[in-house]
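User: I would like to learn how to read the packing of helices and strands in a protein model. Could we work through one case together, feature by feature?

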Amino acid sequence: MNPERLIFLFFVTYLPQDGKLTAGGMEDDKFSKELDIAVRVVHLACFLCERVQHSLLSGGGHQVKSKDDDSPVTIADYSVQAVVSWVLSASFGGQNVLIVAEEDAQIISKDDSSGLLEAVVNTVNECLSEAARYGLKCPDDALSSAQVLEAISRCNSSGGPKGRHWVLDPVDGTLGFIRGNQYAVALSLIEEGEVIIGVLGCPNYPVKKEFLNHHHQLRSQLSSTSSDSWEKGCVLYAQRGSGKAWMQPSVPGDENLDWMKSSRLVRVSSIEDPALATFCEPVEKANTSHSFTEGVAQSAGLRKQPLRVYSMVKYAAIARGDAEVYMKFARTGYKEKIWDHAAGVVIVQEAGGVVTDAGGCPLDFSRGIYLEGLDRGIIACSGPVLHEKIIGAVYASWESSHL
């Protein structure tokens with residue numbers, strides 16, 4: 001059959017006539033609007049982050065502050081949170097929207113942070129002025145400082161087993177963001193304690209696998225001058241129970257988001273031999289044990305050097321088939337937060353992968369902002385065969401090594 005005819009049939013079959021996204025062709029059900037808005041606002045947030053990162057790398061070091069735990073926070077963190085909060089409230093009604101998110105307005109509200117607040121307000125309004133390109137509502141007037149602070153502060157839900165909660169990590173991997181490397185915008189929807197929708201924006205993760213370089217790091221390609229949008233960043237998304245995960249390229253700054261030519265399915269790798277598998281782990285050493293991961297890798301028969309990646313881009317790599325294993329073993333005292341995993345977990349699972357704790361149990365997103373009851377760490381694999389081998393290696397390594 002003519003390839004153009006096949007493309008036509010695909011879109012007639014999978015895309016609704018009203019132009020709204022239904023999981024890139026998955027289901028037109030009660031979550032279709034939520035998924036549609038979530039994908040659009042993550043695209044918009046990625047646009048914001050790209051602009052801020054470019055400014056930051058051009059000498060805007062004043063845009064970075066330190067939180068109480070000494071972790072960095074930037075204009076992008078606050079601006080994305082404000083934009084997503086405003087869009088969700090405008091789309092679904094502010095009184096009915098509960099959002100769990102990483103940032104609060106404490107630092108930005110201080111008297112000595114007036115310059116930071118002004119920069120955030122300007123960034124938010126510049127971003128929202130572009131919302132129509134993504135099929136989203138724009139505010140009638142520019143948001144004031146008070147409105148931006150309110151939007152950030154509105155993200156104060158603590159989650160839990162009841163009701164509906166949006167979960168946002170505005171810039172996951174802030175250190176990677178600051179360094180011009182990988183980071184992600186992660187938005188998910190949890191209902192009755194279960195992750196229903198996951199959207200992961202990866203502005204520096206090009207679609208082409210050859211950008212995985214010989215240093216075993218997923219590098220950004222900020223200097224690329226190619227006009228091919230598939231060589232830039234991407235947005236991945238999935239809906240629980242669909243059995244499918246989808247990817248779209250980032251939207252270039254002068255174009256509109258176009259569903260009709262952007263979505264394509266992604267699937268996990270079919271590799272089952274540990275010796276051939278690529279495995280990911282976090283870059284940072286502060287809250288993860290590289291030494292224990294190394295021991296598990298050796299015990300499982302993983303032979304390749306680890307791909308150390310900032311942020312939830314690790315989940316994207318598994319879902320896209322660019323890697324087969326992601327392991328994270330937290331150091332004693334560190335508690336994993338739901339916004340660092342929710343979106344990535346459902347995307348990997350719907351792409352055909354398996355995600356559990358290191359004891360083989362499902363992750364529990366129903367117990368507040370932390371992944372309570374987590375057994376030692378998190379294991380994400382491209383399939384059950386590799387997963388079983390990794391879990392076995394964890395138990396074999398545990399007796400001889402303690403975090």
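User: At what angle do H3 and helix H5 pack, and how far apart are their axes?

Analyst: Two packed helices are described by the angle between their axes and the distance between the axes. In this predicted model, H3 and helix H5 (residues 145–153) pack at about 85 degrees, and their axes are 8 Å apart. An angle of 65 to 115 degrees counts as roughly perpendicular, and H3 and H5 are therefore roughly perpendicular to each other.

User: Which residues of H3 and H5 meet?

Analyst: On the H3 side they are Tyr 78, Gln 81, Ala 82 and Ser 85; on the H5 side they are Val 148, Ala 151 and Ile 152.

User: Which strands does H3 lie across?

Analyst: Helix H3 (residues 75–92) lies across S3, S4 and S5, and runs at about 155 degrees to S4.

User: How should the sheet itself be read: what is the order of its strands, and which strands stand at the edges?

Analyst: One reads the order of the strands, then the sense of their pairing, then the edges. Here 7 strands form an open sheet with mixed pairing, in the order S3-S4-S5-S6-S7-S8-S9. Strand S3 (99–101) and strand S9 (264–266) stand at the edges; each has a single partner strand, so one side of each lacks a neighbour in the sheet. On average, neighbouring strands of this sheet are turned by 25 degrees against each other, direction ignored.

User: Which helix packs on the sheet and touches S6, S7 and S8?

Analyst: That is helix H2 (residues 32–57), which touches S4, S5, strand S6 (194–202), strand S7 (234–239) and strand S8 (245–249). The direction of H2 makes about 30 degrees with that of S6.

User: How do I follow individual strand pairs, starting with the sense in which S4 and S5 pair?

Analyst: One takes the sense and the number of bridges, and then the residues that stand opposite each other. Strand S4 (residues 164–172) and strand S5 (residues 184–191) pair in the antiparallel sense over 7 bridges. Asp 172 has Ala 184 in S5 as its bridge partner, and His 165 stands opposite Ile 190 in S5. By contrast, S3 and S4 run parallel and are joined by 3 bridges. In that pair, Ala 101 stands opposite Leu 168 in S4.

User: How many residues of S4 are buried?

Analyst: A residue counts as buried if its relative accessible area is under 20%. In S4, 8 of the 9 residues are buried, so this strand is largely enclosed by the rest of the structure. For the chain of 403 residues, 57% count as buried.

User: Are residues in loops read in this way too; is Ser 250 buried or exposed, and what about Cys 361?

Analyst: The reading applies residue by residue. Ser 250 is in the loop between S8 and S9, and Ser 250 is buried, with a relative accessible area of 7%. A polar atom of the Ser 250 side chain lies 3.4 Å from the backbone nitrogen of Cys 234. Cys 361, in the loop between strand S13 (354–357) and strand S14 (377–381), is partly exposed, with a relative accessible area of 42%.

User: How can the chain as a whole be summarised?

Analyst: One may count its elements and ask how far apart in sequence its contacts reach. The chain has 10 helices and 14 strands. Among contacts with a separation of 6 or more, 73% are between residues 24 or more positions apart. The accessible surface of the chain is about 16700 Å², and 48% of that surface belongs to carbon and sulfur atoms.

Methods:
Residues numbered from 1 in each chain as written. Predicted model: local features only at pLDDT ≥ 70, side-chain atom pairs only at ≥ 80, totals over all residues. Heavy atoms only, no water. Helix = DSSP H or I, 4+ residues; strand = E, 2+ residues; numbered from the N terminus. Buried < 20%, exposed > 50% of the residue type's maximum accessible area, 1.4 Å probe, protein only. Pairing = 2+ DSSP bridges. Axes fitted to C-alpha atoms, helices over the stretch in contact; angles between N-to-C directions. Contact = heavy atoms within 4.5 Å. Areas by Shrake-Rupley, 256 points an atom, 1.4 Å probe, with all protein chains shown as cover. Polar contact = N/O pair within 3.5 Å; in protein donor to acceptor, adjacent residues only side chain to side chain. Parallel < 35°, antiparallel > 145°, perpendicular 65-115°, else oblique.
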